[in-house]
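Trainee: I'm new to this one. Could you walk me through how to read it?

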Amino acid sequence: MTAPLPPRAPLMPLDEARRAVLEGLLPLAATETVATVNAKGRFLAQDLVSPLQVPPQDNSSMDGYALCAADVREARMVLRVSQRVPAGTAPHALEPGTAARIFTGAPIPPGADTVVMQEDTEPVGGDVHGVRLLSVPQAGQWIRRAGEDVTRGAVVLRRGQRIGPAEAGLAASLGRADLPVVARPRVALFSTGDELVMPGERAPEQMPAGAIYNSNRFMLRALLEQLGCAVSDLGIVPDRREATVDALRQAAQGHDLIVTSGGVSVGEEDHIKPAVLQLGRLNLWQIAMKPGKPLAFGAVRRSDAADDSCHFMGLPGNPVSSFVTFLLLVRPFLLRLSGVPDPLALDAARALQLRADFDLPRPDRRREFLRVRRNTSGGLDLFPNQSSGVLTSAVWGDGLVDNPAGTAIQRGDLVSYFSFSDLLA
Ligand code: AMP
Ligand code: MG
């Protein structure tokens, strides 16, 4: 009789792993100043407080006439036009009982309390002379109020906030030509695996038996750059202990994080674990998720000085496992380095409850992230092959269903969905 197998180490719940990688992790201390025009995708290093109100004064939201509503007692009244106020000019006080010709964005003359759009008027004797008001206006209409967008002293953008097109525009509306941002995380990336060949190195028909192209490099590099990292691409490292140690030692210099793919299982050809242990510390976790079970998390010493080490995250080699573990574990880590206070809460807020237009009769015992696509009737379709090696699923799909362990899905059930575009925003 053979001896019973030793019990397998329990898998770590994903949420626990996500909290653990963030534990004690501080944003990068280094900051820089960049031109607002170049700030897209960067993370603010300080709160942005407005030194002024936006708009600076009451102004017209229409082309038309500014006047005092009480002066128009009935429809079809005619008022004399006493001044002309194009955008960018300073008006005089409104002469009582008259109208000012006004254009969109121009300041409201003191004494006027309403704007009548030109479509509701008729010129009388040429539009510099008089205007007939076709209806009785209400006080306050078509006026954009001073400070209705931003009040002076308000925090308009928060530290850790990512600058997108709208944020850049808002910063510019406060007169900011440049912005303080957190330094880009410096990330060293390499792939492990003797089977890997770089595209371009060999034509498909010349690939040796057992060789595959290194797809993770391209995917991970793009993911890292999407999050604003400065990536040093260290290529492919052979499945040998010394080569892995050398690559890690080199990668630790001048970087905040090392990301690798492959070699994190515990097979004989998996050298990441002993190599990182030799140079620093490592937790090798078996995470209760599918795809993507193994994740290595630790640090590689740069020098003998205390605390002088580079963070390390080793992702599984299977491309979809690499992709999903990146999104769920590396991404929050990088967001925190970039100053985002609570990346996990951000994700929780992005989950959508959508209808499954598929069945999953035999769920996995682990929490599973299914590649799905929204269909035109507002539900989700499932990619038929959910294998962790099938990268087509991530291209075909536009997001992930987060399916709790052991939960069968029936057509029509509501499921929790994360879009790739939200996860990569
Ligand atoms: P490993 O984690 O090294 O055991 O690799 C698991 C599987 O992923 C194997 O089938 C590898 O060939 C494959 N794989 C590993 N690294 C890559 C890569 N960079 N690109 C594509 N596939 C890979
Ligand atoms: Mg390998």
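**Reading the model, starting from the ligand**

Mentor: Sure. Strand 13, strand 15 (212–213) and helix 3 each supply at least two residues of the shell around ligand 1. Keep in mind that this is a predicted model.

Trainee: Which residues come nearest to ligand 1?

Mentor: The shell has 15 residues, and the nearest are Glu-195, Asn-214, Gly-263, Gly-317 and Asn-318. Sorted by class, the shell around ligand 1 holds four nonpolar residues, ten polar ones and one charged one.

Trainee: And which polar atoms does a nitrogen atom of ligand 1 have around it?

Mentor: Look for N or O atoms that pair up within 3.5 Å. An N or O atom in the side chain of Asn-214 sits 2.7 Å from a nitrogen atom of ligand 1. For Ser-215 it's a polar backbone atom, 3.1 Å from a nitrogen atom of the ligand. Gly-317 also uses its backbone: an N or O atom there is 3.0 Å from an oxygen atom of ligand 1. Taken on its own, ligand 1 has 490 Å² of accessible area, and the protein covers 76% of that.

Trainee: Okay, now the sheet. What is the order of its six strands?

Mentor: Read across the sheet and you get 16-13-17-21-20-18, an open sheet with mixed pairing. Strand 16 (230–237) and strand 18 (280–286) are at the edges; each has a single partner strand, so one side of each lacks a neighbour in the sheet. From one strand to the next, the twist averages 15°.

Trainee: In which sense do strand 18 and strand 20 pair?

Mentor: Antiparallel, over seven bridges, with strand 20 covering residues 294–301. For one bridge to look up, take Leu-282, whose partner in strand 20 is Gly-298.

Trainee: What about the helices on the sheet?

Mentor: Check which strands a helix crosses, then its direction. Helix 1 (residues 14–22) lies across strand 18, strand 20 and strand 21 (309–315), at about 165° to strand 18. Helix 3 (residues 215–226) packs on the sheet too, touching strand 13 (186–192), strand 16, strand 17 (257–261) and strand 21, and makes about 165° with strand 13.

Trainee: How do I describe two helices packed together?

Mentor: You give the angle between their axes and the distance between the axes. Here, helix 1 and helix 7 (residues 343–350) pack at about 145°, with axes 10 Å apart. Helix 1 brings Arg-18, Arg-19 and Leu-22 to the contact, and helix 7 brings Pro-343, Leu-344 and Asp-347. By class, that contact has three nonpolar residues, three charged and no polar ones.

How values were computed: Residues are numbered from 1 along each chain as its sequence is written. Chains are lettered from A and ligands numbered from 1 in the order in which they are written. This is a predicted model: local features need pLDDT of at least 70, side-chain atom pairs count only at pLDDT 80 or more; totals for chains, interfaces and linings use all residues. Side-chain values use heavy atoms; hydrogens and water are left out. Two strands pair if DSSP finds at least two bridges between them. Helices (H or I, at least four residues) and strands (E, at least two) are DSSP runs, numbered from the N terminus. Axes are lines fitted to C-alpha atoms, for helices over the stretch in contact, and angles run from 0 to 180 degrees between N-to-C directions. Contact means heavy atoms within 4.5 Å. A residue is near a molecule or strand if one of its heavy atoms lies within 4 Å of it. A polar contact is a pair of N or O atoms within 3.5 Å; within protein, one must be able to donate a hydrogen and the other to accept it, and residues adjacent in sequence count only if both atoms are side-chain atoms. Accessible areas come from the Shrake-Rupley method with a 1.4 Å probe; for residues, only the protein chains shown count as cover. Ala, Val, Leu, Ile, Met, Phe, Trp, Tyr, Cys and Pro count as nonpolar, Asp, Glu, Lys and Arg as charged, and the others, Gly among them, as polar.
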